[in-house]
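Grab your viewer and work through two short exercises on the structure below. Try each task before you read its solution.

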Amino acid sequence: MAHATTHPVSAGGGAHGGAHHDEHWIKKYFWSTDHKIIAFQYIFTGMAMALIGAFMAYVFRMQLAFPGSSVPGWGFVSPGQYNALITNHGSIMIFWVAMPVLIAGFGNYLIPLMIGADDMVFPRINRLSYQLFLLSAIVLLASLFVPNGGFGGAWTAYPPLSANRVYSTTPYGSTMWVIAVALEFVAFLLGGINFIVTSMNSRAKGMRAFDVPIVVWTIVIASILFMASVGPLIAGAVMLIFDQTAGTSFFNPNRGGDPILWQHLFWFFGHPEVYVVLLPAMGIVAEVMCVFARKKLFAYQTVIYTIIGTGVLSFFVWAHHQFVAGIDPRMANVFTVTTVLVSVPIAEMCFVYIATLYGGSIQFSTPMLWALAFLAEFLIGGVTGIYLGASGLDVYFHDTYFVVAHFHYTFFPIAIIAVFSGITFWFPKMFGRMMNDTWGKVHFWGTIIPFNMIFIPLFILGMNGEHRRIFDYHNFPHLDTPYMQSLRITATIALVVMLAFQPIFLWNFIRSMFAGPVAGKNPWKANTFEWAADSPPPHGNFAEMPECHRGPYEYSVEGRTTDYWPQHEPA
Amino acid sequence: MLDHSMPQAATFAGGVDGLFWLITWIVGLWFIAAEAMFFWLMWRFRRKPGVPAQYVTGKEKHLKRWINIPHGLVLIFDVVIIVAAIRVWVEIKQTLPPADVTIRVNSQQWAWTFTDPGPDGVLDTPDDVRTTDELHVTVGKTYHFLLESKDVLHSFFVPAFRLKQDAIPGRTYTGWFKATRPGNYDIQCAEICGLGHGVMGAKLVVEDAAAHAAWIQQHANDGALAALTTPAPADTAAKPATATPAPAAGTH
């Protein structure tokens with residue numbers, strides 16, 4: 001990654017005001033205020049955490065398929081370890097993989113480049129954001145090695161189990177888990193401020209709101225959703241820490257507290273959180289689809305309205321996680337209505353994406369395969385959500401494997417498929433070299449096919465009444481049949497196969513970073529501003545600050561010799 | 001649901017399964033239509049040499065109706081699903097038919113304790129039958145259950161009944177069911193409750209009135225005996241930490 005040592009006038013708060021010549025590599029890569037370096041820090045940390053989270057999944061899936069036998073690479077799995085593994089797998093994949101890679105990683109990398117700015121508005125806050133995030137990851141990982149082991153009360157951390165050490169048996173693990181989550185939220189609050197302010201104030205000359213690429217819109221709206229929803233949960237986390245350590249009883253029913261209060265605080269954040277990670281993924285997919293279909297995005301403004309509509313609705317659906325939690329049953333009726341109605345903007349968004357293919361000239365490159373797979377798989381996650389939003393049916397499905405399969409069909413496309421799409425798409429810009437397309441496709445099919453083989457069996461298990469978070473089903477006669485066990489084994493084998501294909505990606509990534517063909521500025525013939533910068537862009541991004549002359553998706557405009565029309569090109 | 005492996009054993013199980021199939025038909029058709037369209041477009045508009053892409057903004061009326069008409073239909077089907085879902089919900093959770101028998105279901109880390117009112121049909125009398133991890137009910141009778149927890153959240157889940165309800169310490173939840181089919185079924189704890197969550201199961205025996213009476217007769221003296229020998233219920237002392245026992249907050 002050879003960064004040029006000169007750059008144009010900086011508007012980015014002065015934190016890198018010309019004093020970065022011949023920086024020491026530690027300062028350059030670990031104390032940087034450059035949004036691209038911070039993006040890499042987030043992406044690489046997130047990828048490392050993804051490997052840890054995937055290893056956890058491997059261990060507990062092996063235990064489920066072959067209960068009581070020693071798992072290669074781990075050993076025997078105790079019930080306490082099992083609970084800690086599922087808890088931290090969920091926490092890591094959402095808070096330490098999806099959030100840092102999709103929002104912080106791509107947000108940091110893309111926002112300044114795509115709006116034609118030289119950096120974020122608050123570069124030092126940006127640096128602090130990553131440092132807090134790294135600290136939160138270290139606290140979380142450390143919590144697995146304290147006496148009595150890591151927290152095992154599920155990623156939702158419902159009290160009294162999470163609040164009382166007598167019940168949880170993990171006095172240190174529980175508290176460190178909550179501290180890690182709270183720190184992580186603070187990190188993303190700092191990052192979110194930056195995204196919102198930067199995209200409002202630093203857009204290139206001529207760039208109006210409706211000239212901004214969809215992915216920037218989605219990341220900014222996701223940041224707003226996050227900032228508006230996370231406050232109650234940070235307050236809740238502090239109350240939980242006090243309950244755990246100072247003997248308060250915010251959530252202790254024996255002394256006037258209410259355990260259900262936590263559920264409201266958690267899910268008031270927790271459900272918008274789903275859209276916080278979904279929206280950037282949809283944004284990445286929109287960019288990739290337009291480039292490889294050589295098509296203007298179908299009804300650009302409609303997409304933005306559906307994004308906003310989804311965001312607003314997402315604040316009114318949280319109690320669908322609590323239908324059977326003991327809330328007033330009349331409340332469930334309201335939340336059923338709002339929850340099922342979320343399908344309206346989401347369906348519109350999916351229709352628009354599908355319609356974008358109409359009349360296109362589709363090239364099935366690796367990033368495009370990932371983008372198309374996102375839509376195909378996410379549809380399954382979307383329609384199975386209807387089953388769970390319907391209160392009468394949720395009485396049965398709540399906390400069964402149907403839920404597990406459903407949200408993996410949403411989160412896997414979001415956190416894995418869309419991320420692979422984004423990384424393979426922007427890799428040439430990030431590192432100046434192309435990735436190998438053939439190996440990319442091998443990796444794609446080696447991930448997608450096993451993914452379905454993991455989670456389709458889980459739908460069937462859930463329909464048969466298999467409940468979640470059980471380390472061994474021998475105690476439940478109707479779940480302990482050879483048929484049910486064969487489904488569990490199928491899922492586990494598929495997981496192992498899927499993991500076995502991942503070194504191909506890592507190898508392709510690392511090898512291409514140093515030895516791939518040189519990419520040039522605009523290998524995909526794309527329109528948005530980042531492709532006007534050098535690959536990789538130097539500190540300060542653009543040799544000459546771009547001006548915006550048109551919308552981001554003017555592909556295949558009639559009467560032009562080329563099928564693309566970059567935003568920065570004068571008419 | 002999938003009836004061969006998960007029988008319908010309560011009155012509202014059929015309604016839940018009916019809702020499942022209604023949603024399956026509706027979203028299944030949409031899902032297949034959307035995926036079919038999606039894959040067809042992918043194939044139809046794959047890159048061919050010399051064929052450029054079209055410039056379509058999405059504002060063209062004749063194209064936009066391909067979005068707007070399905071979109072309106074989605075909204076209509078949503079209303080159908082919402083109405084069906086709420087009907088089932090109201091039957092299970094929002095109505096409380098008069099009880100033939102009222103039982104108590106106690107949960108704690110990591111066991112279920114069931115109290116049957118015994119021959120006199122009244123709870124909290126010496127002839128109550130208390131059993132751990134085994135619940136016997138009579139087929140065809142409407143039961144009210146008073147659901148309580150001693151420590152953390154648990155969830156009373158009877159898959160064959162399609163019934164699930166969280167147990168919350170400090171509260172008593174009153175729910176109902178009416179079993180329709182004799183047999184042995186699983187009771188699960190569906191809310192993670194600590195180290196023993198994976199072993200917290202119980203057996204549900206649905207039997208006819210004669211068998212139930214015989215079972216009551218067999219156990220009727222247990223409760224009286226227990227009441228004589230241990231003044232306090234045997235399991236309240238088990239949890240030291242927050243041992244101020246909550247008053248069983250009034251039923252709602």
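**Exercise 1.** Work out whether the radius of gyration of chain A agrees or disagrees with that of a compact globule.

*Solution.* Start with the rule: 2.2 Å times the number of residues to the power 0.38, with the radius taken over C-alpha atoms. For 571 residues that puts a compact globule near 25 Å, and chain A has 24 Å, so the two agree. Keep in mind that this is a predicted model, where local features need pLDDT of at least 70, side-chain atom pairs count only at 80 or more, and totals for chains, interfaces and linings use all residues. Residues are numbered from 1 along each chain as written, while chains are lettered from A and ligands numbered from 1 in written order.

Next, the box: along the principal axes, the C-alpha atoms of chain A fill roughly 70 × 50 × 50 Å. Then burial: 63% of the 571 residues in chain A are buried (20 or more other C-beta atoms within 10 Å of their own, C-beta atoms being placed from the backbone). Finally, secondary structure: chain A has 16 helices and zero strands (DSSP runs of H or I, at least four residues, and of E, at least two).

**Exercise 2.** Find the strand order of the open five-stranded sheet in chain B, and its edges.

*Solution.* Trace the pairing (at least two DSSP bridges between two strands): the order is S4-S10-S9-S6-S7, with mixed pairing. S4 (134-138) and S7 (163-167) of chain B pair on one side only, which makes them the edge strands. Now zoom in on S9 (residues 183-189) and S10 (residues 201-207) of chain B: they run antiparallel over six bridges. One bridge to check joins Asn184(B) to Val205(B) in S10(B).

Note on methods
Buried ≥ 20, exposed ≤ 12 C-beta atoms within 10 Å, placed from the backbone.
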